[in-house]
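Trainee: I would like a close look at one part of this model. Please set the overall layout out before going into detail.

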Amino acid sequence: MKKFLLILVTILAFFLNPSSAEASHFRYGQITWTRVPGTRTVNFTITTAWRHDASEYINFNYGDGNWEAGVLGTEIQYVANSYRVYELHLTHTYATDGPFVAYFNDCCRISTLQNAPDGYYTVSNNVCLSNNNQGSPSCTSPTVIEMKAGVLNQYQLLASDPD
């Protein structure tokens, strides 16, 4: 009887113990890069948005076999009870002109999405240093743009390309 009660208490403790869900933390990600002139050194800017109470990180892969583990960056925006935005700056020197695919990925997407809820996500950008390419296109629009349901929403995205 004692063994049965111990098992029952363990099961109840497992199911009744509040814990943070791993799903639905990730909101947004963008990777941009610029080249240090005359070198194969690249400065990356990685912007991510996470649910307000998430304590997440990314493992950033440079695409050439090197990576940075467990990084997130500096918080640059906080919207109470909604989300936090982080910006991470990394520098990496490549041995060749590439091309490379710099990326981070993980699970899980927001649970309430209609397209691939709770699925894996990948945020990537191509790094090609041939033809004296100086950087990637970038978008300077806000990280998260809130839209209203049931009405036509329009927003102009601001983007640029250094080349």
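Trainee: In what order do the elements of the protein chain run from the N terminus on? After that, take me through strand β2 (residues 41-51) and what surrounds it.

Mentor: The elements run α-β-β-β-β-β-β-β-β-β-β from the N terminus. That is one helix and ten strands. Both kinds are DSSP runs numbered from the N terminus: helices are H or I with at least four residues, strands are E with at least two. This is a predicted model, so local features need pLDDT of at least 70 and side-chain atom pairs pLDDT 80 or more, while totals for chains, interfaces and linings use all residues. Residues are numbered from 1 along each chain as its sequence is written, and side-chain values use heavy atoms, without hydrogens or water.

First, the chain as a whole. It has 163 residues, and 30% of them count as buried. Buried means under 20% relative accessible area, exposed over 50%, and partly exposed in between, with a 1.4 Å probe and protein chains only. Take the contacts (heavy atoms within 4.5 Å) with a separation of 6 or more: 59% of them link residues 24 or more positions apart.

Now β2. It belongs to an open sheet of four strands, ordered β1-β2-β6-β5, with antiparallel pairing. Pairing requires at least two DSSP bridges between two strands. β1 and β5 (74-79) are the edges: each has a single partner strand, so one side of each has no neighbour in the sheet. From one strand to the next, the twist averages 15°. Such angles lie between N-to-C directions, from 0 to 180 degrees, with axes fitted to C-alpha atoms, for helices over the stretch in contact. β2 and β6 run antiparallel and share eleven bridges. Within that pair, N43 has T91 of β6 as its bridge partner.

Two residues of this stretch repay attention. Start with T48, which lies in β2. T48 counts as buried because its relative accessibility is 1%. Its side chain makes a polar contact of 2.8 Å with the side chain of W50. A polar contact is a pair of N or O atoms within 3.5 Å; within protein, one must be able to donate a hydrogen and the other to accept it, and residues adjacent in sequence count only if both atoms are side-chain atoms. Leaving out residues up to four places away in sequence, T48 touches Y28, G29, L72, R84, V85, Y86 and F104.

Then F44. Beyond its neighbours within four places, F44 contacts I31, T32, W33, F60, Y62, L88, H89, L90, H92, Y94, A102 and V127. F44 is also one of the residues that touch the most other members of the largest nonpolar core, along with I46, F60, Y94, F104 and V127. This core has 24 residues. It is a set of buried Ala, Val, Leu, Ile, Met, Phe, Trp, Tyr and Cys residues joined through side-chain atoms within 4.5 Å. β1 (26-35), β2, β3, β6 (83-93), β7 and β8 each give two or more residues to this core. β2 gives the most, with four.

V127 leads on to β8 (residues 120-127). Its covered face holds Y121, V123, N125 and V127. The uncovered face holds Y120, T122, S124 and N126. In a regular strand, side chains alternate between the two faces of the sheet. β8 runs antiparallel to β7 (residues 100-107), joined by eight bridges. There, Y103 has S124 as its bridge partner.
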